[in-house]
Amino acid sequence: MEALQSWVSEHKLTSIGAIWATAIGTSMAYTSSKKAPFKPSLRLIHARMHAQALTLAVLSGAALYHHFDKSEADHDHQK
């Protein structure tokens, strides 16, 4: 787990891009498998919206993690 955290902290933009691309692909595959009567352009719009929501959730989680990690480090430093 520590190796993954280290890699992600060194490659932040790559990590976010990979999550975004994975979300696009997953959403496109899901809507294609449902045999929904959507045009490809509408599927792409929905996939982009899903990917944006996931990216915002990941960025929010990363910000919270960074905030609490920094707060904990500052608290430990004051002791």
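**Close-up views of helices H1, H2 and H3**

Ser 15 counts as buried because its relative accessibility is 10% (buried means under 20% relative accessible area, exposed over 50%, partly exposed in between; 1.4 Å probe, protein chains only). The model is predicted, with local features requiring pLDDT of at least 70, side-chain atom pairs counted only at pLDDT 80 or more, and totals for chains, interfaces and linings using all residues. Residues are numbered from 1 along each chain as its sequence is written, and side-chain values use heavy atoms, with hydrogens and water left out.

**View A. Surroundings of Ser 15 in helix H2.** Ser 15 belongs to helix H2 (helices, H or I, of at least four residues, and strands, E, of at least two, are DSSP runs numbered from the N terminus). With neighbours within four places in sequence set aside, Ser 15 is in contact with Trp 7 and Val 8 (contact means heavy atoms within 4.5 Å).

**View B. Packing of H1 against H2.** The axes of H1 and H2 (residues 12–33) lie 5 Å apart and form an angle of about 100° (axes are lines fitted to C-alpha atoms, for helices over the stretch in contact; angles run from 0 to 180 degrees between N-to-C directions). H1 is therefore roughly perpendicular to H2 (65 to 115 degrees; under 35 counts as roughly parallel, over 145 as roughly antiparallel, the rest as oblique). From H1, Trp 7, Val 8, Ser 9 and Glu 10 meet Lys 12, Thr 14 and Ser 15 of H2.

**View C. A nonpolar patch on the surface.** Met 1, Leu 4, Trp 7 and Val 8 make a nonpolar surface patch of about 440 Å² (patch residues have over 30% relative accessible area and no salt bridge; like charges are joined within 9 Å, nonpolar side chains, Val, Leu, Ile, Met, Phe, Trp, Tyr, within 5 Å). Met 1 lies in the segment before helix H1 (2–10) and counts as exposed because its relative accessibility is 74%.

**View D. Ser 6 and Ser 9 of helix H1.** Ser 6, a residue of H1, is partly exposed at 34% relative accessibility. Its C-alpha is 32 Å from that of His 46, at a sequence separation of 40 residues. Ser 9, also in H1, is partly exposed with a relative accessible area of 43%. The C-alpha atoms of Ser 9 and Ser 41 are separated by 35 Å, with their positions 32 residues apart along the chain.

**View E. Leu 44 in helix H3 (residues 40–78).** Leu 44 is partly exposed, with a relative accessible area of 47%. Its C-alpha atom is separated by 9.6 Å from that of Gly 25, 19 residues apart along the chain.

Technical notes
Accessible areas come from the Shrake-Rupley method with a 1.4 Å probe; for residues, only the protein chains shown count as cover. A salt bridge is a side-chain nitrogen of Lys or Arg within 4 Å of a carboxyl oxygen of Asp or Glu.
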